[in-house]
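Me: I would like to go through the strand pairing and one helix of this model. Please keep the replies short.

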Amino acid sequence: MLSIDPDFMSERENYKFLIGSIIPRPIAFVTTMSQDGVLNGAPFSYFNIVSSNPPMLSLSIQRSNGKMKDTARNILESKEFVIHIVDEQNVEKINQTAASLPSEQSEVEAADLTPVQSMRISVPGVKESKIRMECIVEQSLELGGTDTPGCDMVIGRVVQFHIEDGIYDKGRIDSRGLAAISRLAGQSYAKIGEIFEIERPK
C-alpha cells in the first residue's frame, strides 16, 4: 500500500487525493445576499450534517489564494443563508452557478433560477429544488492555510425546512423521489444507484 505524507504534497495534490477518496459527497446549493442586495448562488460539496438536536449543517468554503469567496463573505455579514439539495432535475442549472462572475452579478439570475421568499430569514431560496433549508449562522471558523486561512468553515442552524409534498411521507424522505446528485472527482457526478439494507447490531 502506498503511504504519503500530506506535508510533502502540494495543496493541489492533497485536493486530488481527498476528492477522489471521499466519495460520494452531497452537494449543497447555497444562496446568500450581498449587502448591495445581489442574490448570490453557488454549489459546494464540502457539506454535511453536524447535528439533529438542534438541526445543524456544516459548509466549508475554500478560499482562492487566501481570498474569501462571495458566499462566505455574504454569510458572515448577514448571518443567513439557504441550503438546497442538488438533484437530477436541477443539476444542470446549478452547475451554471459555479461560473466565476463579478460580485455585482447574480448567479441565480444568470442560471435562470427562480427566487422564492423565505419564511424565517431575509435571504431567498430558489424554486427549482425539492428540499431547501433556511439557516442562520451558529458558528464560523477560519481554518488551514499557512500565511492566510485556506477555508471558511460555517456551521448553520436550520430554522425552516421546505420539502416537496411528493417526496415526503410520514416523516420520511423518499430518496429515489429526491434523486439527489453527489459529487465525485474531476467532472464526475453520481446518481442514487442500488439501495440495500443491513440490519444494525443491537
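Me: Which residue in S10 is the bridge partner of Leu-57?
Reply: This is a predicted model. Leu-57 falls in strand S5, residues 55–62, which runs antiparallel to strand S10, residues 151–163. Seven bridges join the two strands, and the partner of Leu-57 in S10 is Gly-156.

Me: Over how many bridges do S9 and S10 pair?
Reply: Strand S9 covers residues 131–143, and its pairing with S10 is antiparallel. Ile-131 stands opposite Ile-163 of S10. The number of bridges between S9 and S10 is twelve.

Me: Which are the edge strands of the open sheet S1-S13-S14?
Reply: The sheet has three strands in the order S1-S13-S14, with antiparallel pairing. Strand S13, residues 182–183, pairs with S14 over two bridges, and Ser-182 stands opposite Ala-190 in S14. An edge strand pairs on one side only, and here the edge strands are S1 (25–26) and S14 (189–190).

Me: Which strands do the buried residues of H2 pack against?
Reply: Helix H2 spans residues 70–78, and Asp-70, Thr-71, Ala-72, Asn-74 and Ile-75 are buried in it. Buried here means under 20% relative accessible area. The buried residues of H2 pack against S2 (28–33), S3 (39–44), S5, S6 (80–85), S9 and S10.

Me: What is the phi of the residue that follows H2?
Reply: H2 ends at residue 78. The helix is followed by Lys-79. The phi of Lys-79 is positive, near 65 degrees.

Notes
Residues numbered from 1 in each chain as written. Predicted model: local features only at pLDDT ≥ 70, side-chain atom pairs only at ≥ 80, totals over all residues. Heavy atoms only, no water. Pairing = 2+ DSSP bridges. Helix = DSSP H or I, 4+ residues; strand = E, 2+ residues; numbered from the N terminus. Buried < 20%, exposed > 50% of the residue type's maximum accessible area, 1.4 Å probe, protein only. Contact = heavy atoms within 4.5 Å.
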